[in-house]
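The following exercises are to be worked with the sequence and the coordinates at hand. Each task is followed by a stepwise solution.

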Amino acid sequence: MLLPKDRSVPRPTLYMLDGAGARNNTSGWMNKSLGDAPAFFEDENVNVVLLNGGQGSLYTDWDQVDPELGLNKWESFIAEELPPLIDAKLNTDGVNAIAGNSMGAQSAMVLAHRYPDLYSGAAAFSGCYSTSDPLGRLVVQTTVTSRSGDPANMWTDPSGPEWLSHDTVRNAEKLRGKKIYLSVATGLPGAHEAGSGDVRRLLLGGVIEVPPTCAPGFSRRDWTS
């Protein structure tokens, strides 16, 4: 957790999620190359909660235990169990927002539309926001398998209700009135990818970055309050 210098009055809380490679011992947002959260929030009057772990999980509740990724009940933890503990410990003002990058971006938007009374805003960087159309489903499956997980253990039936209920494009109406910030590039290799031999980073990352791929039919207006 990153705490504001001035804690004389209750402050809002920002929850931050990692990408598919989320580590168990630290948040990627603490890394200077990703955002250097300690420096960025140094003078901000906000409590920042940085989640550790959740590799390849989409930060959701899985239907079954996965041999590689274990028992994932991240949605229950993040949206139901953790906020009351944070609010009590930090004496917050009850205002929450959520942010994430890549896998965490998708998960942040999913949690925002599935828990509209909990989050007043969301920020997402380079995420895919569809789960039920062919391309969105492929991105979800690739995210899970990239960490050796089995998508069949997550939401079981690809044509079932869980894939629809986690689709932010289909559930965008539930975000009405919230503060939303989306950031996405063109999908083409940039300065940090040039010369990289990481095929997964170049191909999967590039597909996710292309705006029409995972949010077909959405205009800038659709994502603003």
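A residue is called buried under 20% relative accessible area, exposed over 50% and partly exposed in between, with a 1.4 Å probe and protein chains only. The model is a predicted one, in which local features need pLDDT of at least 70, side-chain atom pairs count only at pLDDT 80 or more, and totals for chains, interfaces and linings use all residues. Residues are numbered from 1 along each chain as its sequence is written, and side-chain values use heavy atoms, with hydrogens and water left out.

**Exercise 1. Backbone and burial**

Task: Locate Tyr59 and Ser102, and assign each to a burial class.

Solution.
Step 1. Tyr59 lies in the loop between strand 2 and helix 2; helices (H or I, at least four residues) and strands (E, at least two) are DSSP runs numbered from the N terminus. Its relative accessibility is 1%, so Tyr59 counts as buried.
Step 2. Ser102 belongs to the loop between strand 3 and helix 3. Its value of 27% makes Ser102 partly exposed.
Step 3. Most residues other than glycine have a negative phi. Tyr59, not a glycine, has a positive phi of about 50°, and Ser102 has a positive phi near 55°.

**Exercise 2. Helix 2**

Task: Where is the kink in helix 2, and what covers the buried residues of this helix?

Solution.
Step 1. Helix 2 spans residues 74-90 and has a kink of about 50° at Leu82, shortly before the proline Pro83. The bend at a residue is the angle between axes fitted to the seven residues ending there and the seven starting there.
Step 2. Both Leu82 and Pro83 are among the buried residues of helix 2, which also include Trp74, Ile78, Ile86 and Leu90.
Step 3. The cover of these buried residues includes strand 1 (13-17), strand 2 (47-50), strand 3 (96-101) and helix 3 (103-114).
Step 4. Just after the helix, Asn91 adopts a positive phi of about 55°.

**Exercise 3. One loop, two residues**

Task: For Asn171 and Gly177, decide which burial class applies, buried or exposed.

Solution.
Step 1. Asn171 sits in the loop between helix 5 and strand 5, and Gly177 is found in the loop between helix 5 (161-165) and strand 5 (179-183).
Step 2. Asn171 counts as buried because its relative accessibility is 14%. Gly177 has a relative accessible area of 61% and is therefore exposed.
Step 3. Beyond its neighbours within four places in sequence, Asn171 is in contact (heavy atoms within 4.5 Å) with His113, Leu164 and Ser165.
Step 4. Gly177 and Pro116 are 61 residues apart in sequence, and their C-alpha atoms are 9.9 Å apart.

**Exercise 4. The whole chain**

Task: Give the order of the elements and the extent of burial in the chain.

Solution.
Step 1. The chain has seven helices and five strands, in the order β-α-β-α-β-α-β-α-α-β-α-α from the N terminus.
Step 2. Of the 225 residues, 46% are buried.
Step 3. Among contacts between residues at least 6 apart in sequence, 72% join residues at least 24 apart.
Step 4. The exposed area of the chain is about 11,300 Å², of which carbon and sulfur atoms supply 54%; accessible areas come from the Shrake-Rupley method with a 1.4 Å probe, and for residues only the protein chains shown count as cover.
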